[in-house]
Amino acid sequence: MSDSETRQAMEKSYILHLFTPIPQASPFDVNIAHDAGYNVVVPYTGVGPEAVAELTQDAIFSRGAKGGRRTGIFIGGREVDVALDMMDATRKAMVPPFEVSVFADPGGAFTTAASAIAMIEKHLYFTHNGNLKDKQVLVLGGTGAVGRVATVLAGRLGAKVDLASHTSLDRARHACDVIAQRYGVEANPAFGIGDKLLALVERAEIIVSAARAGVEVLPADAMRHSGALLIAADLNALPPAGIAGVGVMDDGAPLAAALSKKAIGIGALVINNIRYQVGRTLFELMRNASQPCCFDFEDAFAKAREIAKVPH
Ligand SMILES: NC(=O)c1ccc[n+]([C@@H]2O[C@H](COP(=O)([O-])OP(=O)(O)OC[C@H]3O[C@@H](n4cnc5c(N)ncnc54)[C@H](OP(=O)(O)O)[C@@H]3O)[C@@H](O)[C@H]2O)c1
């Protein structure tokens, strides 16, 4: 064995501790972490904000300050606010110089919403010579994790967002209240069923379908009300399409199902491709960082804009 091979063999491996409050870790996250160079990925399930401090301290003190650079923490789960609480608790539990990098992406919501909004920005710029400021955005499935983050990102760029729930106005209102309190973004709560849905579609310039996978939320007859539509982005990759007429591989394809002749579609697999690259790049940055870093949906969005080549 050569000297450099011996040194390599003696180097510590890259270990990722994956904390999630739900019963399963996501294979998607495990795959991306491995692809990004983590040698060992260990899932800890049923771990909520109250349990992360102890686990974090076990992780930071066992390998020394240098080994900490080769140790990372990933936070999964299903809920945006719980994941960010876990991220805060993890950071507070660190004792410099015993620190490790942290990345949160519950249910892929941070990287997915970031990629969708970045792709919308890109197509607004190149096809419609515009941006999200003052655009009327409709987020279907807005009460879910992806819908909430998409609402926050679009709202921060100056869009006027209707956050729709198909279950009740109360559910939409609750999501908007949390978003306003926690992220400082005002969105309009909406009940997205029947005529109320059609009225929302009529005024929407951008539609983001972030409803449950495998559900058609905007059928062809609803799309015929979309007179102001510029872009429809569908996040659902499972048939049937969430938005009638948007193909999973559409990357700015004309949307014939829309009433507006300017409308184009962005499909779920195009967004998923950016999402994979964002996730992998953030893991690689964690792995190679000389100082501990911490990534949430704003970092995912900055990276998605870079990868999607959104002009500034
Ligand atoms: N490409 C990727 O890498 C990637 C990653 C993550 C997620 N996704 C996709 O992004 C979308 C959103 O993900 P998520 O995890 O946030 O979804 P989710 O939690 O499963 O559902 C989001 C919302 O959809 C609404 N909904 C449920 N059933 C519905 C129905 N029959 N009709 C209309 N709305 C319904 C619910 O809100 P209300 O009850 O309040 O209406 C729910 O809060 C999914 O399609 C998912 O597959 C893609």
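A polar side-chain atom of His-166 lies 2.6 Å from an oxygen atom of the ligand. This distance, like the others below, comes from a predicted model. His-166 is one of 22 residues that surround the ligand. The closest of these are Ser-165, His-166, Thr-167, Arg-171 and Asn-272. Arg-275 also reaches the ligand through its side chain: one of its polar side-chain atoms is 2.9 Å from a ligand oxygen. With Val-146 the backbone is involved instead, since a polar backbone atom of this residue lies 3.2 Å from an oxygen atom of the ligand.

From the ligand we can step back to the layout of the chain. The protein is divided into two domains, with domain 1 covering residues 3-104 and domain 2 covering residues 111-271. Taken over C-alpha atoms, the centres of domain 1 and domain 2 are 33 Å apart.

Where the domains meet, 6 residues of domain 1 are in contact with 7 residues of domain 2. The size of an interface is often given as the accessible area lost when the parts come together. For domain 1 and domain 2, the area buried between them is about 510 Å², and carbon and sulfur atoms give 55% of that area. Which three residues supply the most of the area that domain 1 buries against domain 2? They are Val-80, Asp-81 and Leu-84, which together supply 73% of it.

The interface also has polar and charged links. There are 2 residue pairs in polar contact between domain 1 and domain 2. Side chains of opposite charge can pair when their charged atoms come close. Across this interface there is 1 salt bridge. Arg-182 forms a salt bridge with Asp-85, and the closest N and O atoms of the two residues are 2.9 Å apart. On the domain 1 side, helix H5 (residues 80-92) gives the most to the surface that touches domain 2, with 4 residues. Sorted by class, that side of domain 1 has 3 nonpolar residues, 3 charged residues and no polar ones.

Counted over the whole structure, there are 10 salt bridges. One of the salt bridges joins Arg-156 to Glu-298, with 2.1 Å between the closest N and O atoms. How many residues apart are Arg-156 and Glu-298 along the chain? The answer is 142, so this pair links distant parts of the chain. Arg-156 belongs to helix H7 (residues 145-156), while Glu-298 belongs to helix H12 (residues 297-308).

Some details of the backbone remain, and they sit in loops. A cis peptide bond joins Pro-96 and Pro-97, with omega at about 5°. Pro-97 lies in the loop between H5 and strand E4 (101-104). Another cis peptide bond joins Pro-239 and Pro-240, with omega at about -5°. The loop that holds Pro-240 runs between strand E9 (231-234) and strand E10 (251-254). Asp-134 has a positive phi of about 65°, although this residue is not a glycine. Asp-134 is placed in the loop between helix H6 (109-128) and strand E5 (136-140).

Terms used: Residues numbered from 1 in each chain as written. Predicted model: local features only at pLDDT ≥ 70, side-chain atom pairs only at ≥ 80, totals over all residues. Heavy atoms only, no water. Domains from an automatic or database assignment. Contact = heavy atoms within 4.5 Å. Buried area = accessible area lost by both parts, 1.4 Å probe. Salt bridge = Lys/Arg side-chain N within 4 Å of Asp/Glu carboxyl O. Polar contact = N/O pair within 3.5 Å; in protein donor to acceptor, adjacent residues only side chain to side chain. Helix = DSSP H or I, 4+ residues; strand = E, 2+ residues; numbered from the N terminus. Nonpolar A, V, L, I, M, F, W, Y, C, P; charged D, E, K, R; others polar. Near = heavy atom within 4 Å.
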